Amino acid sequence: MASGKPRYQVLEASLREGILSGRWRPGERIPSIRKLCQNHSLAKITVQHALQRLEAQGLVEARERSGFFVSMAQNRFESPSHPVTLEAPQPVSVSQVFQDIMSRSAAFDLLPGSDRTTYLRASCS
């Protein structure tokens, strides 16, 4: 930890730089976990942690029994062109949260008062 950062962050930054600079192109396989362990003198869990963080950022994707590959569609977010204003948090009840969750999920048939509930009740009778 010569840089003061945890070792997984140092590896993550190194791999990210390699991806963004074009060292590995989209769809190309990056070095294996074993190879990264050997090259950087790191434990397997440290390398896995760095790769999981890159995967969460959308820079790499894991393929079962094949390794990690540079993502074809990298999630690069741009800053908004205009300032974004957020509304202040407001208290909500548990029933409001439940109603919101149910209205956004595929379990529409369980939500009382929804249009589909009426349809399902009529069709099941």
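**Exercise 1.** Which residues does threonine 46 touch, not counting residues up to four places away in sequence?

*Solution.* Before starting, note that this is a predicted model, in which local features need pLDDT of at least 70 and side-chain atom pairs count only at pLDDT 80 or more, while totals for chains, interfaces and linings use all residues. Residues are numbered from 1 along each chain as its sequence is written, and side-chain values use heavy atoms, with hydrogens and water left out.

Step 1: find threonine 46 in helix α3, where helices (H or I, at least four residues) and strands (E, at least two) are DSSP runs, numbered from the N terminus.
Step 2: apply the criterion for a contact, which is heavy atoms within 4.5 Å.
Step 3: leaving out residues up to four places away in sequence, threonine 46 touches Arg7 and Tyr8.
Step 4: check the accessibility, using the rule that buried means under 20% relative accessible area, exposed over 50%, and partly exposed in between (1.4 Å probe, protein chains only). Threonine 46 is buried, because its relative accessible area is 19%.

**Exercise 2.** Describe the order of elements in the chain and how the two strands are joined.

*Solution.* Step 1: count five helices and two strands in the chain, and read them from the N terminus on as α-α-α-β-β-α-α.
Step 2: use the rule that two strands pair if DSSP finds at least two bridges between them. Strand β1 (residues 60-63) is joined to β2 by four bridges, and the two run antiparallel.
Step 3: take one of these positions, arginine 63, whose bridge partner in β2 is glycine 67.
Step 4: look at the hairpin of β1 and β2, which has three residues between the strands. Arginine 65 is found in this loop, with a phi near 60 degrees, a positive value in a residue other than glycine. Arginine 65 counts as exposed because its relative accessibility is 85%.

**Exercise 3.** Which residues have the most contacts inside the largest nonpolar core?

*Solution.* Step 1: recall that a nonpolar core is a set of buried Ala, Val, Leu, Ile, Met, Phe, Trp, Tyr and Cys residues joined through side-chain atoms within 4.5 Å.
Step 2: the largest such core has 16 residues, and those with the most contacts inside it are Leu11, Leu15, Ile30, Val47 and Leu51.
Step 3: the elements that give two or more residues to this core are α1 (7-20), α2 (33-40), α3 (44-56) and β2 (67-70), and the largest share, four residues, comes from α3.
Step 4: follow leucine 51, which touches Leu15, Ile30, Ile33, Leu36, Val60 and Phe68 when residues up to four places away in sequence are not counted.

**Exercise 4.** Compare serine 41 with leucine 42: which is buried and which is exposed?

*Solution.* Step 1: place both residues, since serine 41 is in the loop between α2 and α3 and leucine 42 is found in the loop between α2 and α3 as well.
Step 2: serine 41 counts as exposed because its relative accessibility is 54%, whereas leucine 42 is buried because its relative accessible area is 12%.
Step 3: add the backbone of serine 41, where phi is near 55 degrees, a positive value in a residue other than glycine.
Step 4: list the partners of leucine 42, which touches Arg7, Leu11, Cys37 and Val47, not counting residues up to four places away in sequence.

**Exercise 5.** What does the side chain of serine 71 reach at 3.1 Å?

*Solution.* Step 1: locate serine 71 in the loop between β2 and α4 (94-104), and note that serine 71 counts as buried because its relative accessibility is 6%.
Step 2: the side chain of serine 71 reaches the backbone oxygen of glycine 58 at 3.1 Å.
Step 3: leaving aside neighbours within four places in sequence, serine 71 is in contact with Pro26, Gly27, Gly58, Leu59, Val60 and Glu61.

Definitions and conventions
A polar contact is a pair of N or O atoms within 3.5 Å; within protein, one must be able to donate a hydrogen and the other to accept it, and residues adjacent in sequence count only if both atoms are side-chain atoms.
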